[in-house]
Amino acid sequence: MMMENPASVFASEWPERVESTPADHPVGTKRLLTGCVFLLILGVLAAFPFMVPNRFYIRLVNEMMIYGLLAMSLDVLLGYTGLLTFMHNAYLGLGAYLAGLFLIHVSPSSLWLAFLAGILCTSLIALPVGWVQVRTGGLAFALLTLAFGMMFFTIAWKWYAMTGGDDGLMGVPHPDITLFGWVLGSSGRPLEMYLFTLFIVSICFLLTWRIMHSPFGAVLEAIRENEERAAFIGINVRRYKLMGWMFACILASISGVLFILFRGYIGPTTMTAFSGAVILMMVLLGGMGSLWGPMIGAGIFIYLQDYISTKTEHWELFLGLVVILLVVFMPRGVAGLTEFLRRPERESR
Amino acid sequence: MTTYIEIALNSLVLGGVFLIVAIGLNIVYGLSRVMNLAHGSLYTLGAYFGFTLVASGVNFFMALILAPILVGVAGLMIERTVISLMRKRSMVYTLILTYGLMFFLDGLVRYIWGNETRFIELPGFMKRTISVAGVNYPVFRLIILFIIAAVMAGLMLLLGKTKTGITRRAASQIPEMVSCLGISMTWVHIGAFVLGCVLAGIAGVVAGPLFTVYPTMGHQMLLSSFVVIVIGGLGSLRGAVMAALLIGLVQNLAEFFITDLAMVIVYMMMAVILAIMPRGLLGEGRFE
């Protein structure tokens, strides 16, 4: 993904890795090509608000990117580590509530401190939760995420004095976006917020891509493939699972802070089990275990949601039906589709 | 003193409803390794069937028999169309599929019956209260306790004494051996799923007059029955009974003392128990 000197950055101690993920062909041209595609997409996204100066579409794409980040962080758990979590949106909610509370009660103008507060406090909550969760197996893990997620939802919903209960956290101030002393503008304005979101999300994506294609990512994949064998070759499975969990939760909390800066409001509906299913569906739609797939899934999904919810009020019914059809007919999602299309080429080589 | 008796009786009723839902979930998982996240929605479906039947003039006790059968038929259709496809795939897909199913069923309920809160009308004699050990207690709650006890007894007899039940229990241990003996595992899976659905339906009809009937009533019940299963140990009947009564008691006490955050206490308790005993209270359960 990094273009200048790919060989040195990607020098990996593990030459042989699990096949079928696109980036582990050690061919330089291939890597260059992926890098070019990434730069192209980045360029198009950066030029988008200047070409389409419609505030509605800018905000829509902005929301797609924030949910894309969340879906990608869920993919780290589901696609790479093989851990199913139903309520990953709870950590977006936590990050958003905590950063929002920080902006309201402590300092209304410091953007980066709000980031730090959101990420740190969410990690402090996610750590003991993860510690309990990794002690159990796959199924119990999934059920525990549901229970803890509902617990956070209940707290956000019922703790009226702190979170505003049903009404949500309102009147969160919009701090100025500053970058190394350079002021971009208020985070309340769509264009500035869009560019800032693009900046943060692409950094998070690169970082995640790098980490997931490092020995650490390979260990996570080994745990996904066979936990017992991973333990036999001396991997501390629980510790690696916990690290994967923490990484995913930190990414989710970053998306949460972006969310509160973008909306200026967060309500408990963002933390319901239904919203959790939405995130899961984005990952499924895009394809597990590819990182970029879930981002595309999030884009498609947000667009569909925007479109269908204006047509019918029975959105829940459609969502359920689409999830069922996806699992039955297209379990590998959009990313699986591209792999399917690429296969003849690979065989001819 | 009277308050404590009342709390004890209420805990028994609440725990009993949890128990029926949780045991259905447990049986389905034990026999076909399907953790059905749509179980709570089947419970909702049972409650709504019960409501419609009672509202259209059917006796409450007839509804208690008819509605679970209807839910069982719905379960049969679900099993044949989608769940059976998932048998060869990894657990993750089953979980996601049934999660989607849960929202589909909830959406369906909302589509057919609307968003309003409903009540199942009780026959006249059940609305009265009766004096139990100096406490005035509603008759219908006692009848519900009796129904739950009867269902549990019937279930114990079915699983423990009949040939079908013994086959089922054997199949939960070594499915390969059972199918070698010429017993169709497909029918075992279907039977287990339908039995689970029927139990969820019974719990739904019973819960109708106890709580109110609304589209998302299943979510809370699903979570509570998970807590029961996880604490009691997966696949353990005795564990489920203990855990259900414990959760019923804790939730009632918590609701009595700190109304709003009662469920948080329950989840915390589950987390603590799991951290100390990852296999649940009785330690028989197997998580995979």
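**Figure 1. A look along helix H13 of chain A, where many residues are buried.** Trp292(A), Gly293(A), Pro294(A), Met295(A), Ile296(A), Gly297(A), Ala298(A), Gly299(A), Phe301(A) and Ile302(A) are the buried ones in H13(A). This is a predicted model, so keep that in mind for every view here. H13(A) covers residues 292–311, which makes 20 residues. How far should those 20 residues span at 1.5 Å a residue? The expected figure is 28 Å, and the end C-alpha atoms of H13(A) sit 29 Å apart, which agrees.

**Figure 2. Chain A, for some background.** Zooming out for a moment, chain A is built with 15 helices and two strands. Chain A has 349 residues, and 45% of them count as buried. Take the contacts in chain A between residues at least 6 apart in sequence: 76% of these join residues at least 24 apart.

**Figure 3. Where chain B touches chain A.** Here 36 residues of chain B are in contact with 36 residues of chain A. On the chain B side, helix H4 (91–113), helix H9 (217–232) and helix H11 (262–276) each supply at least two residues. Which helix gives the largest share of that side? That's H4(B), with 16 residues. As for the kinds of residue, the side of chain B that touches chain A has 29 nonpolar, three polar and four charged.

**Figure 4. Helices H3 and H8 of chain B crossing.** H3(B) runs through residues 60–81 and H8(B) through residues 185–210. Their axes come within 7 Å and cross at roughly 140°. Because of that angle, H3(B) counts as oblique to H8(B). The crossing of H3(B) past H8(B) is right-handed. Among the residues that H3(B) brings to the meeting are Ala63(B), Leu64(B), Ala67(B), Val71(B) and Glu79(B), while those from H8(B) include Ile190(B), Phe193(B), Cys197(B) and Val205(B). Sort the residues of this contact by kind and you get 15 nonpolar, three polar and one charged.

**Figure 5. A close-up of Gly165 in chain B.** You'll find Gly165(B) in helix H6, residues 163–173 of chain B. Is Gly165(B) buried or exposed? Somewhere in between: Gly165(B) has 15 other C-beta atoms within 10 Å, so it is partly exposed. Setting aside neighbours within four places in sequence, Gly165(B) is in contact with Leu158(B), Leu159(B) and Gly160(B). Val213(B) is another story: Gly165(B) and Val213(B) are 48 residues apart in sequence and, C-alpha to C-alpha, 33 Å apart in space.

Note on methods
Residues are numbered from 1 along each chain as its sequence is written. Chains are lettered from A and ligands numbered from 1 in the order in which they are written. This is a predicted model: local features need pLDDT of at least 70, side-chain atom pairs count only at pLDDT 80 or more; totals for chains, interfaces and linings use all residues. Two residues are in contact if their C-beta atoms, placed from the backbone, lie within 7 Å. Helices (H or I, at least four residues) and strands (E, at least two) are DSSP runs, numbered from the N terminus. Ala, Val, Leu, Ile, Met, Phe, Trp, Tyr, Cys and Pro count as nonpolar, Asp, Glu, Lys and Arg as charged, and the others, Gly among them, as polar. A residue is buried if 20 or more other C-beta atoms lie within 10 Å of its own, exposed if 12 or fewer, and partly exposed in between; C-beta atoms are placed from the backbone. The expected span of a helix is 1.5 Å times one less than its number of residues. Axes are lines fitted to C-alpha atoms, for helices over the stretch in contact, and angles run from 0 to 180 degrees between N-to-C directions. Angles under 35 degrees count as roughly parallel, over 145 as roughly antiparallel, 65 to 115 as roughly perpendicular and the rest as oblique. A crossing is left-handed if the near helix is turned anticlockwise from the far one by less than a right angle, and right-handed if clockwise.
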